[in-house]
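Subject: Handover of a protein structure

Dear colleague,

I am writing to hand over the structure below, together with an account of what was found in it. Please keep it open while you read.

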Amino acid sequence: MEAEPWILPEQDELSMTLHNSAVTMNSEEEFYDAETGLESGDDLSDVSFKDALVNDCKDSSNAIRPQDNGVWERRKTLPAPMISRSDYSVWGILKKCVGMDLSKITMPIVFNEPLSFLQRMSEYMQHTHLIHKACTLSDSIDRMQVVAAFAVSSVASQLDRTGKPFNPLLGETYELTREDEGYRFITEQVSHHPPISAFHAQSLKQEFEFHGSIHPKLKFWGKSVEAEPKGTMTLELLKHKEAYTWTNPFCCVHNIIMGKLWIEQYGTVEIENHHTGDRCVLNFKPCGLFGKELHKVEGHIQDKSKKKRRVLYGKWTECMYSVDPKMYEASKNKGDAKIKTQQCAGEETEGGPEVQETVAVIPGSALLWRIAPRPPDSEQMYNFTRFTMTLNELEPGMERLLAPTDCRLRPDIRAMENGDLDTAHVEKDRLEEKQRVGRKERSNAEEEWLTRWFQLGSNHHTGAQDWLYKGKYFDRNYTNCPNIY
């Protein structure tokens with residue numbers, strides 16, 4: 001089984017033992033086409049989850065009902081708390097893998113979180129309000145700084161996420177429609193060797209498109225695991241006829257052998273506006289010797305003439321600010337920046353603490369983005385955010401509308417979410433074996449795997465190879481979907 005971008009769990013001591021677990025290094029798993037579970041005459045293109053919810057509530061007295069105002073109330077917690085990892089040791093598995101690519105190493109399921117990596121990718125959309133804001137701005141520099149804030153915010157949910165997402169199966173998909181946020185999102189696992197996940201999001205009002213593909217590269221360095229996020233993010237603001245591209249920073253997990261695990265993001269992220277020539281350079285700073293730079297992000301925006309227009313600063317775990325370059329330099333000389341304690345505007349904390357910012361705010365700065373507080377029980381729920389808590393929720397009536405390849409229908413993830421580790425382990429092994437058999441059958445028949453919703457092509461803005469959305473997923477014709485579960 002192969003590992004996608006993942007975060008390791010906290011370890012107490014090197015002497016922890018690993019129960020009934022072993023490292024396997026298989027080249028694995030693909031699938032063959034099968035039935036969809038839909039009748040050939042069914043047309044679901046005009047059906048929505050909202051319709052399904054209403055029908056389900058009418059048809060079943062035991063159905064979960066929406067709120068009185070007819071709006072579905074998404075869950076705020078998981079069915080079961082996080083499974084304890086205290087009897088397991090990552091070091092027992094990884095000590096023979098120093099310097100190796102981890103993409104072919106199977107980890108015990110207890111180190112997972114109950115989400116597929118495809119669902120993790122949908123967390124890019126957690127701060128979609130920033131994209132909507134950018135769409136309303138008339139000045140290209142103003143748009144760039146909000147897009148930069150969105151790029152930073154897209155990695156914020158990784159803080160303290162010490163669980164590894166499930167490896168997507170070849171052909172696996174995940175869709176997310178958020179009418180309240182004005183977008184819909186679709187992703188597909190388009191390759192297994194190497195593992196590549198492609199995604200496409202679009203505004204319900206044709207304001208933007210956001211798409212890309214991720215080919216993670218992971219290495220173990222003895223005391224840490226490093227993830228190189230290969231793949232380009234592309235954001236198109238359709239009204240302004242602009243396209244922005246960037247790549248995500250490196251992610252590193254420290255203290256693999258013992259101690260409390262902690263995460264840092266580092267590296268240079270360059271965001272380019274291909275229409276105006278504006279460019280933003282963001283430096284995700286490494287921790288440094290005494291930790292003074294931990295989580296810090298600093299950078300600037302320059303126009304096509306390379307004149308510096310704005311300075312951006314903050315932390316990817318907290319907030320981002322923008323300030324005039326002259327005021328930034330003056331503040332550095334005077335040392336008059338101040339740290340503030342802030343309550344997240346417009347967010348309900350539900351008993352949670354105020355957000356204690358550790359960013360020194362320069363006078364004259366404009367707040368671009370501030371992270372929302374996590375739920376009070378987040379630590380017992382894999383450190384999920386409110387948004388993440390809802391990603392694997394199977395709303396009433398949804399099952400008959402989803403593609404049969406959707407992550408929500410994976411029995412191993414569902415079992416783990418419900419706290420049933422034994423069933424999750426059995427189902428995970430069954431799915432992996434089914435994938436191996438499918439790959440062998442195609443190899444013997446000299447057949448190639450055909451992706452369903454994405455195709456390999458060239459990014460229209462960078463010219464680089466990329467996986468492009470074919471369209472028509474939301475027509476809900478699943479005739480050629482593979483039977484992967």
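The following paragraphs describe the overall make-up, one helix, the aromatic rings and the charged side chains.

Please note that this is a predicted model, in which local features need pLDDT of at least 70 and side-chain atom pairs count only at pLDDT 80 or more, while totals for chains, interfaces and linings use all residues. Residues are numbered from 1 along each chain as its sequence is written, and side-chain values use heavy atoms, with hydrogens and water left out.

Overall make-up

The protein has nine helices and 20 strands; helices (H or I, at least four residues) and strands (E, at least two) are DSSP runs, numbered from the N terminus. Of its 485 residues, 55% count as buried, where buried means under 20% relative accessible area, exposed over 50%, and partly exposed in between (1.4 Å probe, protein chains only). A contact means heavy atoms within 4.5 Å. Among the contacts with a separation of 6 or more, 66% come from residues 24 or more positions apart.

Helix α5

Helix α5 covers residues 140-153, 14 residues in total, and spans 20 Å from its first C-alpha to its last, close to the 20 Å expected at 1.5 Å a residue. The expected span is 1.5 Å times one less than the number of residues. Because 13 of the 14 residues of α5 are buried, the helix is largely enclosed by the rest of the structure. At its N-terminal end, D139 acts as a cap, with a side-chain oxygen 3.0 Å from the backbone nitrogen of I141.

Aromatic rings

A search of the whole structure finds 14 aromatic pairs. Rings of Phe, Tyr and Trp (its six-membered ring) pair if their centres lie within 6.5 Å; planes under 30 degrees apart count as stacked, over 60 as edge-to-face and the rest as tilted. Y124 and F210 are edge-to-face, at 6.3 Å centre to centre and 70 degrees between the planes. Y124 lies in the loop between α3 (117-121) and α4 (129-136) and F210 in strand β6 (residues 208-220), so this pair ties together parts that are 86 residues apart in sequence. F210 also pairs with W246: the centres are 6.0 Å apart and the planes are at 20 degrees, so the pair is stacked. Since W246 lies in strand β9 (residues 242-246) and F210 in strand β6, the pair ties together parts that are 36 residues apart in sequence. Both F210 and W246 are buried. Ring pairs link Y124, F150, F185, F199, F210 and W246 into a cluster.

Charged side chains

The structure holds 20 salt bridges, each being a side-chain nitrogen of Lys or Arg within 4 Å of a carboxyl oxygen of Asp or Glu. Which residues meet E113 in this way? R120 does so at 2.9 Å, N to O, and R161 does so at 2.9 Å, N to O. R161 lies in the loop between α5 and β2 (164-166) and E113 in strand β1 (residues 112-116), so their pair ties together parts that are 48 residues apart in sequence. R161 also forms a salt bridge with E123 (2.9 Å, N to O). Salt bridges that share partners thus join E113, R120, E123 and R161 into one network. Both R120 and E113 are buried, as are R161 and E123.

Yours sincerely,
A colleague

Definitions and conventions: A polar contact is a pair of N or O atoms within 3.5 Å; within protein, one must be able to donate a hydrogen and the other to accept it, and residues adjacent in sequence count only if both atoms are side-chain atoms.
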